[in-house]
There are 2 protein chains.
Amino acid sequence: MSNTKALPLLEPAADEAVAPCCPPLTERPFTAEEAETAARMFKALGDPVRLRLFSAVASHEGGEACVCDISDVGVSQPTVSHHLKKLKEAGLLTSERRGTWVYYRVEPSVLAAMGRLLTGVAPTV
Amino acid sequence: MSNTKALPLLEPAADEAVAPCCPPLTERPFTAEEAETAARMFKALGDPVRLRLFSAVASHEGGEACVCDISDVGVSQPTVSHHLKKLKEAGLLTSERRGTWVYYRVEPSVLAAMGRLLTGVAPTV
DNA sequence: CGTCAACATAGACATCCATCGAATTAGGTG
DNA sequence: CACCTAATTCGATGGATGTCTATGTTGACG
């Protein structure tokens with residue numbers, strides 16, 4: 001049972017594998033607070049470069065990738081670093097330094113939580 | 001005027017209920033074009049006010065709501081109109097005028113497509 | 001026709017943000 | 001220590017964006 005350690009977007013719930021910040025979009029109108037929280041995640045994925053970086057990490061062998069593995073997205077290297085930071089701040093990625101390289105990894109519960117928020121259905125992972 | 005101006009983010013596929021723009025995020029790194037398309041949708045949901053409006057429409061009785069039903073989100077009426085236009089341009093909402101009122105409705109396949117993009121699983125609606 | 005209500009558009013403005021080059025930190029190696 | 005590579009941080013900048021007020025449009029009604 002891996003758990004979050006970045007932003008408290010997801011509260012640790014013992015009885016549920018997916019503990020989203022918010023109810024499904026279709027259940028009831030979001031409150032201002034819920035919208036603020038969820039919009040932060042959507043916003044993080046709302047940039048093409050960030051989406052490519054996120055997809056590159058998510059699809060990389062072993063579930064993680066160092067920056068050098070995914071830097072080929074057509075922008076300068078500082079810009080890549082900037083976007084990875086944003087994704088991390090949004091709680092979508094975690095990072096860990098191992099020697100020379102920094103490895104990024106997808107925060108596992110987030111994808112399921114966002115999926116449930118959109119569809120109202122908990123995906124069978 | 002610009003009534004039927006929905007973006008062709010989703011191509012009509014006869015044999016599948018869900019016709020996403022892109023493969024699941026975890027399948028392989030997104031191409032620049034895929035990222036551009038998908039990011040447009042995430043970006044539309046990346047604003048708190050838009051997310052509240054979208055949730056209000058999605059959760060409203062009958063699956064649709066007129067602007068007057070959902071305008072209580074703390075911003076001026078023109079701003080609400082502006083955000084609804086953005087959501088429409090992103091292909092997330094459709095609108096129809098009936099008499100005095102304009103009704104907005106969630107484009108049904110979009111939620112499932114985005115959910116599948118995130119989780120890699122087609123939700124059982 | 002005149003008026004009101006619902007909604008959209010136009011223009012202005014302040015803030016945010018993606019991007020870059022330059023400088024900086026950190027780790028490895030000779 | 002000197003040097004190289006990986007990655008982050010800094011400072012600047014041009015463009016995008018959210019918000020407002022004012023105005024326009026559209027339909028209903030007397």
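Of the atoms of DNA strand D within 4 Å of the protein, what share belongs to sugar or phosphate, and what share to bases? Keep that question in mind as we walk through this structure, which is a predicted model. The answer is that 76% belong to sugar or phosphate, and the rest belong to bases.

Let's stay with DNA strand D for a moment. It has 25 residues around it, and those that come nearest are Gln77(A), Ser81(A), Tyr104(A), Lys43(B) and His83(B). Some contacts with its phosphates are worth finding on your screen. The side chain of Ser81(A) places an N or O atom 2.6 Å from a phosphate oxygen of this strand. The backbone takes part too: a polar backbone atom of Val67(A) is 3.4 Å from a phosphate oxygen of DNA strand D. From chain B, an N or O atom in the side chain of Lys86(B) is 3.3 Å from a phosphate oxygen of the strand. Helix H3 (67-70), H4 and E3 of chain A, along with H2 and H4 of chain B, each give two or more residues to the surface near DNA strand D. H4(B) has the largest share of that surface, with five residues. Sorted by class, the surface holds 10 nonpolar, nine polar and six charged residues.

Now turn to DNA strand C. Here 26 residues surround the strand, and the closest are Lys43(A), Ser76(A), His83(A), Ser81(B) and Tyr104(B). Sugar and phosphate make up 78% of the atoms of DNA strand C that come within 4 Å of the protein. Look for Ser81(B), where a polar side-chain atom sits 2.7 Å from a phosphate oxygen of the strand. Val67(B) uses a backbone N or O atom, 3.4 Å from a phosphate oxygen of DNA strand C, while Lys86(A) uses a side-chain N or O atom at 3.3 Å from one. The largest share of the surface near this strand, five residues, comes from H4(A).

What lies behind these surfaces? In chain A you can trace an open sheet of three strands, in the order E1-E3-E2, with antiparallel pairing. Strand E1 (64-66) and strand E2 (93-98) are its edge strands, each pairing on one side only. On average, neighbouring strands are turned by 30 degrees against each other, direction ignored. Helix H2(A) packs on the sheet and touches E1, E2 and E3 of chain A, and its direction makes about 90 degrees with that of E3(A). H4(A) lies across E2 and E3 of chain A, at about 120 degrees to E2(A). To see the pairing up close, follow the six bridges that join E2(A) to strand E3 (residues 101-106) of chain A; in E3(A), Val102(A) is the bridge partner of Arg97(A).

Next, where do the two chains meet? One place to look is helix H5 (residues 108-119) of chain B, whose buried residues include Val110(B), Leu111(B), Met114(B) and Leu118(B). Their cover includes helix H5 (108-119) of chain A, as well as helix H1 (32-44), helix H2 (48-59) and strand E3 (101-106) of chain B. Just after H5(B), Gly120(B) has a positive phi of about 80 degrees.

Another place is Ser59(B), in helix H2 of chain B. Its side chain reaches the backbone oxygen of Ser55(B) at 2.8 Å. Setting aside neighbours within four places in sequence, Ser59(B) is in contact with Leu25(A), Thr26(A), Glu27(A), Arg28(A) and Pro29(A).

Definitions and conventions
Residues are numbered from 1 along each chain as its sequence is written. Chains are lettered from A and ligands numbered from 1 in the order in which they are written. This is a predicted model: local features need pLDDT of at least 70, side-chain atom pairs count only at pLDDT 80 or more; totals for chains, interfaces and linings use all residues. Side-chain values use heavy atoms; hydrogens and water are left out. Buried means under 20% relative accessible area, exposed over 50%, partly exposed in between (1.4 Å probe, protein chains only). Helices (H or I, at least four residues) and strands (E, at least two) are DSSP runs, numbered from the N terminus. Contact means heavy atoms within 4.5 Å. A residue is near a molecule or strand if one of its heavy atoms lies within 4 Å of it. A polar contact is a pair of N or O atoms within 3.5 Å; within protein, one must be able to donate a hydrogen and the other to accept it, and residues adjacent in sequence count only if both atoms are side-chain atoms. Two strands pair if DSSP finds at least two bridges between them. Axes are lines fitted to C-alpha atoms, for helices over the stretch in contact, and angles run from 0 to 180 degrees between N-to-C directions. Ala, Val, Leu, Ile, Met, Phe, Trp, Tyr, Cys and Pro count as nonpolar, Asp, Glu, Lys and Arg as charged, and the others, Gly among them, as polar.
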